[in-house]
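Colleague: I would like to go through this model with you. Please put it up, and I will ask as we go.

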Amino acid sequence: MVVQVQGGLTQGAIAQLNHPFANSHIVYVLKNGDWREAFIQQVRGRLSQGLPAWTYRVQYLDQGQEVENGVEADRLRTIEQAQRQGLTDNVYDLSTQAGIAQILAAHNQARQAVGVPDLAWSGRLATSAQTWADRLLAENRFEHSPPSLRANGWIGENLATRRSSAPGGSLFTPRRAVQGWVDERADYDYASNSCTPGKMCGHYRQMVWSTTTEVGCGVARDGHDRREVWVCHYSPAGNIVGRRPY
């Protein structure tokens, strides 16, 4: 995010007078009667009647990636404000029941499609998944946790990540975070119980493993929305060699 100074505001003043969205990269913008998700590219500060006034250049994150300059602050809402005011149904983390319900529904819809029982949410598994997500982000790694941290392999694990070379970008919702695992269904052949050569399908197999009964997930993000890591833990674990998922 670039901050520019106009009309007598100094860099020192900018440091003292954080603009209303200083801690936000992704916001919702009122555009032609609709609230649209956008990334703040630039902030301009100026003095108006002795007080700081701010305008924003935003890039919309929906189709077309349109850029708009000179957006006034009263047209912007943080993600939290948009959710609280009912301006969007989107959720971006697992800190609310809505986020948990969304990621659980994504799993159970995949399971219902093949006729296996729904999973239940586990706070215990969510805690272990969050711990590993935090560690991967802090250490800039992306790999499975050792079996010793997952009850010697009795807990299964799926991972997903998003990276961007610049701040911002469209954050994963819980459903979007696991959609790649669901899409692996196209690369799983039930008859041979194998993946398409060169493709992965183990994430999908774990999602629909018939004897798995619980799931818990966590997400970790850096402070600039450049990277996020999602981890889900499953009990009992699936992907047992030589067995079909259902």
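Colleague: How many helices and strands are there in the chain?
Modeller: This is a predicted model, where local features need pLDDT of at least 70, side-chain atom pairs count only at pLDDT 80 or more, and totals for chains, interfaces and linings use all residues. Residues are numbered from 1 along each chain as its sequence is written, and side-chain values use heavy atoms, with hydrogens and water left out. Elements are DSSP runs numbered from the N terminus: helices are H or I with at least four residues, strands are E with at least two. On that basis the chain has 6 helices and 12 strands.

Colleague: What share of the 246 residues is buried?
Modeller: Buried means under 20% relative accessible area, with exposed over 50% and partly exposed in between (1.4 Å probe, protein chains only). In the chain, buried residues make up 45%.

Colleague: Which element gives the most residues to the largest nonpolar core?
Modeller: Such a core is a set of buried Ala, Val, Leu, Ile, Met, Phe, Trp, Tyr and Cys residues joined through side-chain atoms within 4.5 Å. This one has 24 residues, and Ile103 and Trp230 are among those touching the most other members. Elements giving two or more residues include α3 (97-112), β11 (214-221) and β12 (227-235). With 4 residues, the top contributor is α3.

Colleague: Where is Glu157 placed, and is this residue buried or exposed?
Modeller: Glu157 lies in strand β8 (residues 156-163). Of the 8 residues in β8, 6 are buried, so the strand is largely enclosed by the rest of the structure. Glu157 has a relative accessible area of 8%, so this residue counts as buried.

Colleague: Which side chains make polar contacts with the side chain of Glu157?
Modeller: A polar contact is a pair of N or O atoms within 3.5 Å; within protein, one must be able to donate a hydrogen and the other to accept it, and residues adjacent in sequence count only if both atoms are side-chain atoms. The Glu157 side chain has such a contact with Ser145 at 2.7 Å. Another, also side chain to side chain, is at 2.7 Å with His233.

Colleague: Which residue in β12 stands opposite Glu157?
Modeller: Strands pair if DSSP finds at least two bridges between them. β8 and β12 pair in the antiparallel sense over 8 bridges. Opposite Glu157 in β12 stands His233.
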